[in-house]
Amino acid sequence: MARSGKVSVIGAGFYGSTTALRLAEYDIFETVVLTDVIEGKPEGIALDINQSRWVEGYETKMVGQTTGPNGDGYEAIAGSEIVVITAGLPRKPGMSRMDLIETNAKIMRQVAENVAKYAPDCVVINVANPLDEMTALAQIVTGFPHHRVIGQAGMLDTARFTHFVAEKLDVPVASVTTLTLGSHGDTMVPVASACVVDGKPLGDILSQDEITELVERTRNGGAEIVGLLKTGSAYYAPSAAAARMARAVHEDSGAVMPVCAWVDGEYGLSGAYLGVEAEIGKEGIKKVLETPLTEAERALLGEAYEAVKAKQADVKDL
Ligand code: APR
């Protein structure tokens with residue numbers, strides 16, 4: 001596939017810089033733009049990454065751009081087909097994602113206003129936490145149609161669950177399929193009925209207690225890493241997930257992924273950002289899918305919906 005288009009990543013911290021690197025290494029974009037409010041940081045990272053091109057054998061060019069409080073510098077993102085928003089504080093040990101809400105909402109407002117102004121036709125992929133709320137806020141501030149504002153969480157939770165199952169059974173990750181829906185956090189819904197290992201239902205291989213243990217570890221997957229790092233949160237698996245979503249948008253692939261998307265009647269649920277499976281393409285969400293669920297899983301998804309809907313109700317006032 002020929003290289004084309006521009007993707008921008010806002011926030012050149014750990015999550016943003018690794019996402020930008022992955023996007024560049026795909027070698028499918030003409031340009032990756034990386035921005036941050038810290039003077040020189042995005043320019044420095046972009047220069048460093050560009051110098052890796054010869055070694056890794058890719059041509060995509062990265063442009064680093066410092067942005068100011070009044071939006072100066074945002075011209076660099078003009079014409080982006082995709083904008084990945086990673087700007088925001090990460091957790092420290094003992095913090096919940098909700099502890100970040102006020103600070104990250106201020107950052108999101110500033111970023112989203114400029115994204116709407118300079119890249120009015122883009123698809124927004126938000127990764128800043130708390131995920132569901134910041135995704136909802138990004139949509140409100142940009143005023144973009146819901147299908148053009150998506151959040152990354154389900155791909156990551158599913159990747160973590162898959163890793164834990166593969167590790168437990170000592171099998172290749174490629175032989176494991178898992179799925180998580182719902183919210184990023186307490187109301188994550190592990191879809192055990194969709195989990196298979198080499199075609200066999202997970203429930204036939206592991207006991208209920210063993211599955212519950214892996215689900216709990218997945219639910220706390222972010223906190224486990226925050227506890228080990230002590231100074232920030234995970235970014236390698238998260239950036240892999242976000243970059244794959246951006247790739248699906250760029251390639252208009254229709255790939256089915258668990259993402260944070262606006263529900264509008266699916267499962268009988270409406271009017272909130274929720275973790276569901278969806279087809280991803282150039283318009284963002286092509287279609288939210290109704291994954292076949294057991295009655296118990298459907299009830300858990302309903303609970304997750306109630307929780308995220310309540311939390312998103314006040315987002316517009318942040
Ligand atoms: N515009 C652009 N960048 C900003 C802004 C802003 N208004 N405010 C802060 N930033 C930048 C910071 O300068 C920093 O470089 O966002 C970057 C955040 O980077 P890290 O502190 O390394 O955090 P990171 O691990 O990348 O996490 C970013 O993703 O997983 C979530 O909870 C996490 O919300 C956090 C986000």
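## Pockets, cavities and helix packing around α6

The lining of the largest pocket divides into 20 nonpolar, 16 polar and five charged residues. This is a predicted model, and the pocket makes a good place to start a tour of it. Its volume is about 750 Å³. The lining counts 41 residues, and T86, A87, G88, L89 and P90 lie nearest the centre. Among the elements, α1 (14-26), β2 (31-36), α4 (101-118) and α6 each give two or more residues to this lining. The largest share comes from α4, with four residues.

### Enclosed spaces

Let us turn from the open pocket to the cavities. Rolling a probe the size of a water molecule over the atoms shows where empty space is left. In this structure, two cavities of 30 Å³ or more turn up.

The largest cavity holds about 70 Å³ of space. It is lined by 13 residues, and the closest to its centre are A153, G154, G182, S183 and G275. Two or more lining residues come from each of α5 (131-142), α6, β8 (180-182) and β12 (255-264). Which element gives the most to this lining? That is β8, with three residues. By class, the lining of the largest cavity has five nonpolar, six polar and two charged residues.

The second largest cavity has about 40 Å³ of space. Around it sit R97, D157, R160, H184, G185, M188, T218, R219, G221 and G222. Here the elements giving two or more residues are α6, α8 and α9 (221-229). One nonpolar residue, five polar ones and four charged ones make up this lining.

Helix α6 is thus a familiar name by now: it gives two or more residues to the lining of the largest pocket, of the largest cavity and of the second largest cavity.

### How the helices pack

Two packed helices are described by the angle between their axes and the distance between the axes. Three pairs are set out here.

| Helix pair | Angle between axes | Axis distance |
|---|---|---|
| α6 and α8 | about 140° | 9 Å |
| α6 and α10 | roughly 130° | within 8 Å |
| α5 and α11 | about 50° | 9 Å |

We can begin with α6 (residues 154-169) and α8 (residues 208-219), which pack at an angle of about 140°. That angle makes α6 oblique to α8. The crossing of α6 past α8 is right-handed. On the α6 side, the contact is made by D157, R160, F161, F164, V165, E167 and K168, while α8 brings E210, L214, V215, R217 and T218. By class, these residues are five nonpolar, one polar and six charged. Three of the names may ring a bell, as D157, R160 and T218 also line the second largest cavity.

The next partner of α6 is α10 (residues 236-251), and the axes of the two helices cross at roughly 130°. The pair α6 and α10 is therefore oblique, and its crossing is right-handed. From α6, the residues M155, L156 and R160 meet A237, P238, A241, R244 and M245 of α10. This contact has six nonpolar residues, no polar ones and two charged ones. Note that R160 takes part here as well as in the contact with α8.

The third pair joins α5 to α11 (residues 295-312), at an angle of about 50°. These two helices are therefore oblique to each other. In this pair, too, α5 passes α11 in a right-handed crossing. Which residues of α5 meet α11? They are D132, E133 and A136, and their partners in α11 are V308, K311 and Q312. The contact divides into two nonpolar, one polar and three charged residues.

### Backbone details beside α5 and α6

Two backbone features are worth a look while the model is open. Between N129 and P130 there is a cis peptide bond, with omega of about -5°. P130 belongs to the loop between β5 (123-126) and α5.

The other feature concerns D170, which has a positive phi of about 55° although it is not a glycine. Where is D170 found? Its place is the loop between α6 and β7 (176-177).

Technical notes:
Residues numbered from 1 in each chain as written. Predicted model: local features only at pLDDT ≥ 70, side-chain atom pairs only at ≥ 80, totals over all residues. Heavy atoms only, no water. Axes fitted to C-alpha atoms, helices over the stretch in contact; angles between N-to-C directions. Parallel < 35°, antiparallel > 145°, perpendicular 65-115°, else oblique. Left-handed = near helix turned anticlockwise from the far one by under 90°. Contact = heavy atoms within 4.5 Å. Nonpolar A, V, L, I, M, F, W, Y, C, P; charged D, E, K, R; others polar. 1 Å grid on protein atoms, 1.4 Å probe; cavity = no way out; pocket = protein on both sides within 12 Å on 5 of 7 lines; lining within 4 Å. Points joined across faces, edges and corners; volume = space filled by probe spheres on them.
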